[in-house]
Amino acid sequence: MTTASNQIKSTGWDKKQEFPLTAESLKMLLEQRIPLIRLKDFASAQECEMLYAQTELLNFNAYQDVSPKIEKVGITVFEYNSISKADYFKEVERATKLRDSITTASFNPLERIMAKFRECGAKVRIASEPFYGSYYAGLIRKIEHGTQLHIDFAPLEQSEWEICTITTQLSWTLYLKLSDNNRGKTCIYDRRWQRSDEQYKLDSYGYSDTVIADVDTISFQPYVGDVLLFNTSNFHYVEPMNGQRVAFTSMIGLLPNGEIIFWS
Ligand SMILES: O=C(O)CCC(=O)C(=O)O
Ligand SMILES: [Fe+2]
């Protein structure tokens, strides 16, 4: 059953199923007409293990003000909202060097996903800020205790950064290490964020379940080596894992001129 009000806010998925990455499915995902794209076997088990092994001795940092705890290696614009743009760009070089040392010793998923987008005819690059230069892209992230119901949409979180000029946002996530228990699913709702939903915001990023009452949902079971691509202005959450759930990820945005940018 779909209520009249949620019908209006629904994103209007044509089919509630997973799609492979093609020029057509990418366009449909950007338009919120399909729920998600799975790139099966994007990386081999050995590549994922090698990349994961590089991170075992690293210090993961927890996001401040985010509960349940999410830990990561790398920096995010989200965290610098309350600090400053200059401070984010001061950290980009150090974070990029660390990421490159990890990917050089294993493999480079960021280059691989960008190449796959190019094969679909997309014009892609790392986001870049006048006077500051390139953004950082490519977090290694542990979401092991689940997330709250949320959306990710830079124009809502930032102002006066290149990434705030995007018209729609996706994320891509490559799963590197998963406990063998079929938990840790990513659940995505056929419900796009709208401004009036801000009244249902619970804290720094979570929203009340009210926004997804009676809304259609799809759940994605992650497997090592697969990539999940979905539109992050659809409400979504990650189930608790009760074990390991380590991934390589970044944000993706569509600019009004049709270019696609990557950042974290
Ligand atoms: O780890 C995942 O499966 C997705 C996490 C998430 O919330 C996102 O990529 O926006
Ligand atoms: Fe998210």
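Okay, a definition to start: donors here are N, O and S atoms within 2.8 Å of the metal, and water is not among the atoms, so a site may look incomplete. And keep in mind throughout that this is a predicted model.

So, the metal. Which residues hold the iron ion, ligand 2? The protein donors are His150 and His236, each through NE2, and Asp152 through OD, lying 2.1 Å from the iron. If you write the donors out along the chain, the spacing reads H-x1-D-x83-H. Now look at where the two histidines come from. His150 sits in the loop between β8, residues 139-142, and α7, residues 154-157, while His236 belongs to strand β13, residues 234-238, so this pair ties together parts that are 86 residues apart in sequence.

Are those histidines buried or exposed? His150 has a relative accessible area of 7%, which makes it buried. His236 is buried as well, at 3% relative accessibility. The cut-off for that word is under 20%. There's also a link inside the donor set: the side chain of His150 makes a polar contact with the side chain of Asp152, at 3.3 Å.

Let's move to ligand 1. Where does it sit? The space it takes is the largest pocket. Around ligand 1 there are 13 residues, and the closest are Asp152, Ser171, Tyr175, Thr186 and Arg245. You'll recognise Asp152 from the iron site, where it is one of the donors.

Which side chains put polar atoms by the oxygens of ligand 1? I'll go through three. Tyr175 has a polar side-chain atom 2.6 Å from an oxygen atom of ligand 1. For Ser171, an N or O atom in the side chain is 2.8 Å from an oxygen atom of the ligand. And Arg141 places a polar side-chain atom 3.5 Å from a ligand oxygen. As for how covered the ligand is, taken alone ligand 1 exposes 290 Å², and the protein buries 98% of that.

If you want to see that shell by element, two of them give two or more residues: β9, residues 168-178, and β13. The largest share comes from β9, with 3 residues. And β13, remember, is the strand that carries His236.

Right, away from the ligands now, to the earlier part of the chain. Helix α2 runs over residues 23-30, and its buried residues are Ser25, Leu26, Met28, Leu29 and Leu30. As a reminder on helices in general, there are 3.6 residues a turn, so residues three or four places apart point the same way.

What happens just after α2? Gln32 takes a positive phi of about 60° there, and that is in a residue other than glycine. Gln32 is in the loop between α2 and β2, and with a relative accessible area of 7% it is buried.

There's another positive phi a little further on. Asp41 has one of about 50°, although it is not a glycine. Asp41 lies in the loop between β2 and α3. Is Asp41 buried or exposed? At 57% relative accessibility, Asp41 counts as exposed.

In that loop, which joins β2 (36-39) to α3 (45-55), we also find Phe42. Phe42 is buried, with a relative accessible area of 5%. Its C-alpha is 9.8 Å from the C-alpha of Lys116, and those two residues are 74 apart along the chain.

While we're on that stretch, have a look at Arg118, which is found in helix α6, residues 109-119. Arg118 is partly exposed, with a relative accessible area of 46%. Its C-alpha is 9.4 Å from that of Ala23, although the two are 95 residues apart in sequence.

One last backbone detail. Which peptide bond is cis? The one from Ser67 to Pro68, with omega near -5°. Pro68 is in the loop between β3, residues 61-62, and β4, residues 71-73.

To pull the main thread together before we open the floor: Asp152 is a donor to the iron ion and is also listed among the closest residues around ligand 1. Likewise, β13 carries the donor His236 and gives two or more residues to the ligand 1 shell. That's the picture I'd keep on screen while we talk.

Terms used:
Residues numbered from 1 in each chain as written. Chains lettered and ligands numbered in written order. Predicted model: local features only at pLDDT ≥ 70, side-chain atom pairs only at ≥ 80, totals over all residues. Heavy atoms only, no water. Donors = N, O, S within 2.8 Å, 3.2 Å for Na, K, Ca; no water. Helix = DSSP H or I, 4+ residues; strand = E, 2+ residues; numbered from the N terminus. Buried < 20%, exposed > 50% of the residue type's maximum accessible area, 1.4 Å probe, protein only. Near = heavy atom within 4 Å. Areas by Shrake-Rupley, 256 points an atom, 1.4 Å probe, with all protein chains shown as cover. 1 Å grid on protein atoms, 1.4 Å probe; cavity = no way out; pocket = protein on both sides within 12 Å on 5 of 7 lines; lining within 4 Å. Sits in = over half its atoms within 2 Å of the grid points.
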